Amino acid sequence: MVSAAHPYLDKEHQKIQGLFDSIAPRYDFLNHLLSLGIDVYWRRRAVEELRPRAGGRYLDACCGTGDLSFTLQEKHGPQGQISVVGSDFSLGMLRHGVKKRGKEQKRLRSFPTFLAGDTLKLPFEDATFDGVAVAFGIRNVHDLSAGLRELRRVVRPGGRVVILEFTPLRIPVVGAVFHFYLEHILPRIGNFIARSNDRAYTYLNDSIRRWPDGETLSEQMRNAGLCAIEWRTLFPWNVALHAGTRG
Ligand SMILES: C[S@@+](CC[C@H](N)C(=O)[O-])C[C@H]1O[C@@H](n2cnc3c(N)ncnc32)[C@H](O)[C@@H]1O
């Protein structure tokens, strides 16, 4: 059962922006805690799925505090000389990404560029990027179809759009345990640690429960003009990785 609708489930821009601004200081810590660190593995798989090539330009849309941008830059930056742009409309989240750039100064030799941008109206020309990835972001975008069309617009023909997102877990017992965790444990821990008056982690549960399954998302990607859609779930099967190509 989905709990009483969270007031932000209509995903109105300013509410979602404010929600992420407010949890930004504790976002990374909670991500790693609530996923038991598995989120690092999920983002690595998403980066592999992007199949970055030397000299390429890549966009991490809805980048938040930039974990996917850093993973991409770390794996392919120095050797491959790729360039990575992270865009998000929450300045609070972006500020934390910029702070992490400072901390990563010694370890990484090249860095992602972060900029403010709405995924429904990305500040880039058509076909700017060789690939686009979104990790746990597109679920929060007000209009999914428009968001997918916008991702397709900024990728070059032949380039890939990769989406990492939660997906309904339909395995008996495991699914029930996960849903119990999602509905009763995660919101309590998350809202408490993030001191979220907006109940951001209740919103997380509700938005995941209302999110389409993998086949439906594939269909939506196809409708947005992407082709050769492939998808699979990632351990522990509550996360799906979708990839499509701009024809
Ligand atoms: C759950 S966080 C994911 C952050 C990051 N990609 C990660 O893997 O941790 C969702 C992000 O999507 C951003 N977001 C939601 N709707 C957006 C929109 N229309 N335009 C730009 N960013 C958006 C939020 O500000 C937030 O930073």
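## Terms and model

Helices (H or I, at least four residues) and strands (E, at least two) are DSSP runs, numbered from the N terminus. One element named this way is strand 6 (226-234), and another is strand 7 (239-246); proline 236 sits in the loop between them. The structure is a predicted model.

## A cis bond and two positive phi values

Most residues other than glycine have a negative phi, and most peptide bonds are trans. Three places in this model depart from that pattern. The first is the bond between phenylalanine 235 and proline 236: this peptide bond is cis, with omega about 0 degrees. Proline 236 belongs to the loop that links strand 6 with strand 7.

Two alanines have positive phi values. Alanine 127 has phi near 55 degrees, positive although the residue is not glycine. Its place is the loop between strand 3 (113-116) and strand 4 (129-135). Alanine 127 has 15 C-beta neighbours inside 10 Å, so it counts as partly exposed. Alanine 228 also is not a glycine, and its phi is positive at about 50 degrees. This alanine lies in strand 6. Alanine 228 has 11 C-beta neighbours inside 10 Å, and therefore counts as exposed. The cut-off for exposed is 12 or fewer.

## Around the ligand

The shell around the ligand holds 20 residues. Which of them come nearest? They are Cys62, Gly64, Ser90, Thr119 and Ala135. By type, the shell has eleven nonpolar residues, six polar ones and three charged ones.

Two helices each give at least two residues to this shell: helix 1 (13-34) and helix 3 (67-80). Helix 1 has the largest share, with three residues.

## Strand 1 and its partners

Strand 1 covers residues 57-61. Four of its five residues are buried, so the strand is mostly covered. Strand 1 pairs with strand 2 (residues 83-88) through five bridges, and the two run parallel. In this pairing, arginine 57 stands opposite serine 83 of strand 2.

Strand 1 also pairs with strand 4. Here four bridges join the two strands, again running parallel. Aspartate 60 has alanine 133 of strand 4 as its bridge partner.

## Helix 4: two sides

Helix 4 (residues 91-103) has 13 residues. From its first C-alpha to its last it reaches 19 Å, close to the 18 Å expected at 1.5 Å a residue. Why do its buried residues line one face of the helix? Seen down the axis of helix 4, they fall within an arc of 100 degrees, so they share one face. The buried residues are Met93, Leu94 and Gly97.

The other side of helix 4 carries exposed residues: Lys99, Gly102 and Lys103. The cover over the buried residues of helix 4 includes helix 1, strand 2 and strand 3.

## Helix 7: enclosed

Helix 7 spans residues 200-209. Is this helix largely enclosed or exposed? Eight of its ten residues are buried, so the rest of the structure largely encloses it. The buried residues of helix 7 are Ala200, Tyr201, Thr202, Tyr203, Leu204, Asn205, Asp206 and Ile208.

These buried residues of helix 7 pack against three elements: helix 1, strand 5 (155-166) and helix 6 (174-193). Helix 1 thus appears in several parts of this report. It supplies residues to the ligand shell, helps cover the buried residues of helix 4, and packs with those of helix 7.

Notes:
Residues numbered from 1 in each chain as written. Predicted model: local features only at pLDDT ≥ 70, side-chain atom pairs only at ≥ 80, totals over all residues. Near = placed C-beta within 6 Å. Nonpolar A, V, L, I, M, F, W, Y, C, P; charged D, E, K, R; others polar. Buried ≥ 20, exposed ≤ 12 C-beta atoms within 10 Å, placed from the backbone. Pairing = 2+ DSSP bridges. Expected span 1.5 Å × (residues − 1). Arc of directions from axis to C-beta. Contact = placed C-beta atoms within 7 Å.
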